[in-house]
Number of protein chains: 2
Amino acid sequence: MRITITDVARESGVSASTVSRVVHDNPRISDETKSRVRETMERLGYFPNALARGLAKSSTGNLGLILPNSSENLFVNPFFIEAMRGIGVEAQSRGYNIMFSFSNNEDEEVGFIRNYIKSRWVDGIILLTSRKNDRCMAYLRKKEFPFVVVGRPDKADSTLWVDNDNFHAVYDVVNLLIDRGSRSMAFVGGPEDFSVTRDRLSGYKQALSIRGLKEDSGLIGFGPDFSESGGKATMQALLTERRPDAVVTTDDYIAFGVIDALLEVGLDDIAVVGFNNTLRGRYQTPTLTSVDVNPAELGAGAAALLIDKVTRREGASDHRIIDTVLIERDSTSGILLKSGRKKPGE
Amino acid sequence: MRITITDVARESGVSASTVSRVVHDNPRISDETKSRVRETMERLGYFPNALARGLAKSSTGNLGLILPNSSENLFVNPFFIEAMRGIGVEAQSRGYNIMFSFSNNEDEEVGFIRNYIKSRWVDGIILLTSRKNDRCMAYLRKKEFPFVVVGRPDKADSTLWVDNDNFHAVYDVVNLLIDRGSRSMAFVGGPEDFSVTRDRLSGYKQALSIRGLKEDSGLIGFGPDFSESGGKATMQALLTERRPDAVVTTDDYIAFGVIDALLEVGLDDIAVVGFNNTLRGRYQTPTLTSVDVNPAELGAGAAALLIDKVTRREGASDHRIIDTVLIERDSTSGILLKSGRKKPGE
DNA sequence: TTGTAAGCGTTATCAA
DNA sequence: TTGATAACGCTTACAA
């Protein structure tokens, strides 16, 4: 038989409400009673039933995690498991559970969200990608249900979000490449309607301008997605008109495609930079210089923000910026070599 | 205001219990009533409260997933995210939710399990690794709580499990290498007390014996873990006594270490085989031949078995074997080249 | 400082 | 075929 609050109450000669108050450490219960009740709880091995509690308080202590449509790329990318870990660890440390679901498309995502909300399983929802005109966000806003998104939303009013400073990350990369001798740098991004693409493009443009280099739209390209093939095609198109000495991309997979395109026309001394510090970038030849976006911190930040919100913490802020780290590897050593400097190690 | 079952009852002129029966499609409710109630539910946007339902039925429709102590290796390994996806998709398709937690050590794992069980959040638990004398399993058995483990448990009595046929997988690998000309094949495994290590070792021995090759304990080594450094050290020790022409390992990371050790002494034509088909193996040089253990299927199988169990399905079996796939790449082309055959592509 | 009692939204048992 | 009614286990006014 399971031990309920009533058992504890009877056994320690108080009412169920008193036991409930002891469990919540209500200050209006005498220390004497508290210790007596606690002793009984201990002895009986009492543990509150989360469902009953949730029903009574209409809040569960669970958060729902929506993983995006599983284009293969995503699961090959350590970003997601790392972000999940960050979310999980933060949630656990604050007594929250995480429920997750994998979806194949936006419809399914909305379906899961709907289900989470209406069945009352969760107190809040974490979205792991920020798209433009995201139907998930639209739905959540309509329902006025607490949620947080990883990636800056296009319409940020009162929306919780966590992101890197993408502008600055690229700004720094571009400056570094200029320091290393680049004079004709290309930018190959993912789809232009992702805020992450636009933010990174701004960093690129701003840095060029500050350093007195002319912006050249012929050196700027956007792929149809974040894939290798997309990156390759975009680079090939770009190469028909220009010969850059460096390429900044917005994703390692795009960078892999870019490198492919470069090698195919015999260009093996162009600096290339990716994003997300993928495992493949670490081991393929040449190893790829990449910006680590710190996915675990992004996840943890998202969970923290959302929990603050659903617990109505005072002074809870509405967003958080996570630092990036530039990891230099061989793919940016080409220019270095030409300018006579030492090739950096890993 | 939330719509409850009572609202629907009042609105359609029946009792709450009738509505409940309609929701569960109870055959003893007239079609006429059913359609009328359904219409009201639709109109009002009724959705059952999962907490209330769980409380009344004492079952939740949730499963708990325990991710093992996060030695870095694990998250670099696509195994886990793929297994999670398999679990998630299977669970979703059967109306179950998954809660997960990340733990740093066995104590924490047991703590999470305890919490899941006692708080009654979940109906069953999925363990993502099978260790010998696992305290999680011991605890779950003691509590008689439904669970399934990915990996064959050492004590299988009435325990649900899903695994590959590790014996056969290695048996096939060894046969292939012998066909390709190997006459002195080493085995480098992880810790010997993992059933996966022992099963794979048996496959190795059996295949050698069938093909008339002598088993040589000097060619067999076990690392302290599943890491690259462990694999390297083990191989180095082995190399002081023997010069194999092929090495079968039980993990890609072990294989990476083995290759390192081989290259350091100038051996670049030894065939090496790994397990888990990691991304790194696909892109490093040389690309690594590896056995894909099909983690998504392992996960899906685990979820299916557990759900069958908690729903008391008739004829539910207690284990499931998932096929492996051998993926040949460059690391097994050395012997091939020597024997004059064509080097296989990716 | 503590107890009583109503309520959270379902399901299940027993009657009708 | 349907309805009352009592659980399920906890929280929270409101009283005392």
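Student: Does A:Arg94 count as buried, partly exposed or exposed?

Tutor: This is a predicted model, in which local features need pLDDT of at least 70 and side-chain atom pairs count only at pLDDT 80 or more, while totals for chains, interfaces and linings use all residues. Side-chain values use heavy atoms, with hydrogens and water left out; residues are numbered from 1 along each chain as its sequence is written, and chains are lettered from A and ligands numbered from 1 in the order in which they are written. Buried means under 20% relative accessible area and exposed over 50%, with partly exposed in between (1.4 Å probe, protein chains only). Because the relative accessibility of A:Arg94 is 25%, A:Arg94 counts as partly exposed.

Student: Which residue in helix H14 of chain A is linked to A:Arg94 by a salt bridge?

Tutor: A salt bridge requires a side-chain nitrogen of Lys or Arg within 4 Å of a carboxyl oxygen of Asp or Glu, and A:Arg94 meets A:Glu90 in this way at 3.5 Å, N to O. A:Arg94 also forms a salt bridge in which the closest N and O atoms are 2.6 Å apart, the partner being A:Asp308. That pair links distant parts of the chain, 214 residues apart: A:Arg94 is in the loop between helix H6 (78-93) and strand E2 (97-102), where helices (H or I, at least four residues) and strands (E, at least two) are DSSP runs numbered from the N terminus. The partner in helix H14 (residues 295-310) of chain A is buried, because its relative accessibility is 12%, and is A:Asp308.

Student: How many residues apart in sequence are A:Asp216 and A:Arg242?

Tutor: The side chains of A:Asp216 and A:Arg242 form a salt bridge at 2.7 Å, N to O. A:Asp216 is partly exposed because its relative accessible area is 21%, and A:Arg242 is partly exposed because its value is 29%. A:Asp216 lies in the loop between helix H10 (195-210) and strand E7 (220-222) of chain A, and A:Arg242 in the loop between helix H11 (228-239) and strand E8 (246-249), so that the pair is separated in sequence by 26 residues.

Student: Which side chain of opposite charge is nearest to B:Arg200?

Tutor: B:Arg200 lies in helix H10 (residues 195-210) of chain B. Leaving aside neighbours within four places in sequence, its contacts (heavy atoms within 4.5 Å) are with B:Asn166, B:Val170, B:Phe187, B:Thr250, B:Phe275 and B:Val293. Lys and Arg count as positive and Asp and Glu as negative, with His and the chain ends not counted; B:Arg200 is buried yet has no salt bridge, and at 6.0 Å the nearest side chain of opposite charge is B:Asp163.

Student: How many residues are in the largest nonpolar core?

Tutor: A nonpolar core is a set of buried Ala, Val, Leu, Ile, Met, Phe, Trp, Tyr and Cys residues joined through side-chain atoms within 4.5 Å. In the largest one, A:Leu65, A:Phe100, A:Tyr204, B:Leu65, B:Phe100 and B:Tyr204 touch the most other members, out of a total of 140 residues.

Student: How many disulfides does the structure hold over all chains?

Tutor: A:Cys136 counts as buried because its relative accessibility is 0%, and B:Cys136 is likewise buried, with a relative accessible area of 0%. With a disulfide taken as a pair of cysteine sulfur atoms within 2.5 Å, the number over all chains is zero.
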